[in-house]
Amino acid sequence: MKTNIIKLFGFGLMSGLVFTSCSDDFLKDKQNYDYTGPEAYDDVVGAQLRVNDIYTRCLPDVNENLSWGNPSVGKNDDAGKSTEEYSGFGAFVDGEQNPLNTMSGTTPPDLFFGSANNIRENTYGHIRNINETIENIEAGSLTQEQKDELLGQCYFFRAWRYYNLVKYYGGVPIVETVLDPVPGITTPRSTAKECIDFILSDLDKAAKMLAATTMNGSGYTGDNWGRVTTGTAVALKGRVLLLWASPLFNRSNDQSRWTYAYQQMEEGLDSIEACGYHLYTDAGNVNGSAFAKMFNERGVNPEAVFVTLYNNRTGDGNGNPQQYNSSWERSVRPSNTSGSGLSASAMLIDMFPMKDGKRPSTTDTYTKLSTSTYTYEREYPFMNRDPRFYRTFAFPGFRWAYQGSNDLTADDPNNPSYDNGANYELWNYVWYQDADGRDNPYVTDDNPAYGADNLLTDVKGVYVRKRSDDLDVNTPLYTFSIVNGASGFSYSAQPYMEIRFAEVLLNLAEAACGAGDTQRAIEILRQIRQRAGYTSADCGIDGGMDQAACMSAILYERQIEFAYEGKRFDDCRRWLLYDGGAHFNEVAGAPSTWTLTGWNGNTCTWLGVKPLNGQRREGLEFRVNNSHNNGLGGTTVDGDPIKDVARCAAVDLRKELDPQLETLKAWYGENLVRKDRKGDGHTQDYVDLYVDFKPYYYFLGIPRGAQSNMKAVEQTIGWEDYNNGGNNGTYDPLQ
């Protein structure tokens, strides 16, 4: 079994160097280098430019959705829509209507290959460039100290590229040298274990080579801030070890994997901290303001273990590579501030912890965890919640300040100014034209909701606020302008953190729990919650939990801490949360080793977590209640049926919350009512459909495009083999 991937590498070394990572100093050189000869690696500047190009190609990009070269970054892509965070079926959970397969179903998303015949937009093209750089630096005449610093960064990114393949596909072809373009040279899919060992080896090399430069108490600083460090490599190693110990790869719950992961992570924590990483804190923390601010810290940020940096330059209109802006702010802001907005699902809103850190009694998942002493008020979901709740979601009647300009009202006089955004309030309540629309839970073109404050049909039910650059918390990293039709938040330098220090700790907690040290895990959970703003001694985390309850608490904490950061889909897959792993015997050709024997044969039952399969994620909005013209209005700003009703003061997160929330609750009671709108799909006859993640999706099949370019590749069990007439694949990711 061979893989003819050499054809991808016969184009020569094509490398347009665009310096888009780390500090702005990495963005100054605008030249393109179509060919880099070996002599360039004898000069530290030339070699560094080549390494910079690897950053350009391989760093996670907040402007992209889940794809072959990019992890999910928290948007409503196929990953986000496969979790509790968003409603509306993504490709992986629409199984009843459109089952994925290579030939007969809906084509699966390509998370493996990318563009064939384009070395810049192909996974193995990136790996080839990294291998070429490694070989040339090693053969060059730089000092060993200079080589180590550069090679450490290369080995990290090679490991990063392979990790993103293995977590979805299991074993993949390992290519660690630059292959000569000789016809017939092929590389087979290695086993998953071989790939994991290869990734860990690269990360160990990276950590060792970068130690002299970065384990100095502060890691990289100044112009080099944002580069990967020993701590970055050790942190990714922890994530890889956790993946290998998790039920996805560890069906029998082999305890040696958990024990080894725990030992390696605990020992590695000192190295991570020696690079200057720790939980981000702020002395002026009010209602979770430190939690909000850390996502918008452009200086040296101790939370940012693996980070992509952006700038707020506007460019020159000619594709100037110096312009590298983040799109997150304009993604989450409402349309009446020139954004587009993201809608949160009611499922996640309803399951978020209460003020005491316990789960709402109304949620039917995480049933092994204690319920809150606070009554969950479904009509007023913002009452008595975890401090992070208010930094994750935005409801009607909440302040959400930004630094704008009068361009916004000049562009559309119906847009509210709110002092050019400095005192912006979100009032996204809705009304309908007729009773059929008002009472219809299904979202159709015939019954649009109309939102207040000129949101109209661009309104979102409850906005995602997570990671927003809030003027009340931070000096903005964006340059607001809507000239020439640009979004006001187009030019944002907000960084994106792929690995936060909080994840380092929660990975360690999970490994500790899996290895049987629940007390260490509980200690870490409380540490995370102290940073979030909890002040009670136990931070809402019960002591003395058994292993199953402790692991459930860890997964719950990960879901809340990392909401809308692109991490939940991987957690759902790692822990088989769609069906508990109970249906692998239904996958055509699955060997007996696929059967889950650990965790009593069902992870969901063991954890006390309700499987996602069979559930629906609905939308949520607050409409004008029937005491105001029956909740009906017109299609324009003036059609607001409560436009003449005095609004209460918007909730200001800089002030004491409880009295403000009581005031807002009373205003809602007089004017608004919760409406649950259908979010997930339905048939043409409006029969509800439910999440249906097929058991063979846990390991994806090689997409058809990649198969056609890799003729001898072995397809994954459960997936159609394009190169074998559509017969079932034979490659076992667990072999």
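**Stop 1: Tyr324**

Start by selecting Tyr324, which sits in the loop between β1 and α8. This is a predicted model, so read everything on the tour as computed from that prediction. Is Tyr324 buried or exposed? Its relative accessible area is 15%, and since buried means under 20%, Tyr324 counts as buried. Now add Ile134 to your selection and draw a distance between the two C-alpha atoms: you should get 27 Å, for residues 190 apart along the chain. Keep Ile134 highlighted, as the helix it belongs to comes up later.

**Stop 2: strands β1 and β10**

From Tyr324, go to strand β1, residues 304-308. Color it by accessibility and you'll find that 5 of its 5 residues are buried, so the strand is mostly covered. Next, select β10, residues 496-500, which pairs with β1 in the antiparallel sense over 4 bridges. Two of the bridge partners are handy landmarks. Show Val307 and look across to Met497 in β10; then show Ala304 and look across to Arg500, again in β10. How many of the residues of β10 are buried? The count is 5 of the 5, so β10 is largely enclosed by the rest of the structure.

**Stop 3: α13 against α5**

Step along the chain from β10 to helix α13, residues 501-514. Bring up α5 as well, which covers residues 230-245. The axes of α5 and α13 come within 10 Å and cross at roughly 35 degrees, and the crossing of α5 past α13 is left-handed. To see what touches, show side chains for Ala235, Gly238, Arg239 and Leu242 on α5, then Glu503, Val504, Asn507, Glu510 and Ala511 on α13. Sorted by class, this contact has 4 nonpolar, 2 polar and 3 charged residues.

**Stop 4: α5 against α4**

Leave α5 on screen and add helix α4, residues 192-214. What angle do α4 and α5 make as they pack? It's about 160 degrees, with the axes 7 Å apart. That makes α4 roughly antiparallel to α5, since angles over 145 degrees fall in that class. As α4 passes α5, the crossing is left-handed. For the contact, select Ala192, Lys193, Ile196, Ile199, Leu200, Leu203, Asp204, Ala206, Ala207, Leu210, Ala211 and Thr214 on α4, along with Thr230, Ala233, Val234, Leu236, Lys237, Val240, Leu241 and Trp244 on α5. Color these by class and you'll get 15 nonpolar, 2 polar and 3 charged residues.

**Stop 5: α2 and α3**

Hide those and pull up α2, residues 123-139, with α3, residues 144-169. Their axes come within 10 Å and cross at roughly 160 degrees. The two helices are therefore roughly antiparallel to each other. Here too you're looking at a left-handed crossing, with α2 passing α3. Which residues of α2 make the contact? They are Thr123, Tyr124, His126, Ile127, Ile130, Asn131, Thr133, Ile134, Ile137 and Glu138. So there's Ile134 again, your distance marker for Tyr324. From α3, show Lys147, Leu150, Leu151, Cys154, Tyr155, Phe157, Arg158, Arg161, Tyr162 and Leu165. The contact of α2 with α3 splits into 12 nonpolar, 4 polar and 4 charged residues.

**Stop 6: two backbone oddities**

Now for a pair of loop residues. Select Ser338, in the loop between α8 (328-332) and α9 (346-351). Check its backbone: phi is positive, about 85 degrees, although Ser338 is not a glycine. With a relative accessible area of 18%, Ser338 is buried.

Then jump to Asn454, in the loop between β6 (450-451) and β7 (463-464). Asn454 isn't a glycine either, yet its phi is positive at about 70 degrees. Its relative accessibility is 11%, so Asn454 counts as buried.

**Stop 7: Tyr697**

Finish at Tyr697, in the loop between β12 (672-677) and α19 (704-709). How accessible is Tyr697? Its relative accessible area is 0%, so Tyr697 is buried. Leaving aside residues up to four places away in sequence, Tyr697 touches Phe92, Gly95, Asn98, Pro99, Leu100 and Trp719. Show them as sticks to see the surroundings of the tyrosine. As a last distance, link the C-alpha atoms of Tyr697 and Asp446: they are 35 Å apart, with the two positions 251 residues apart along the chain.

How values were computed. Residues are numbered from 1 along each chain as its sequence is written. This is a predicted model: local features need pLDDT of at least 70, side-chain atom pairs count only at pLDDT 80 or more; totals for chains, interfaces and linings use all residues. Side-chain values use heavy atoms; hydrogens and water are left out. Axes are lines fitted to C-alpha atoms, for helices over the stretch in contact, and angles run from 0 to 180 degrees between N-to-C directions. Angles under 35 degrees count as roughly parallel, over 145 as roughly antiparallel, 65 to 115 as roughly perpendicular and the rest as oblique. A crossing is left-handed if the near helix is turned anticlockwise from the far one by less than a right angle, and right-handed if clockwise. Contact means heavy atoms within 4.5 Å. Ala, Val, Leu, Ile, Met, Phe, Trp, Tyr, Cys and Pro count as nonpolar, Asp, Glu, Lys and Arg as charged, and the others, Gly among them, as polar. Buried means under 20% relative accessible area, exposed over 50%, partly exposed in between (1.4 Å probe, protein chains only). Two strands pair if DSSP finds at least two bridges between them.
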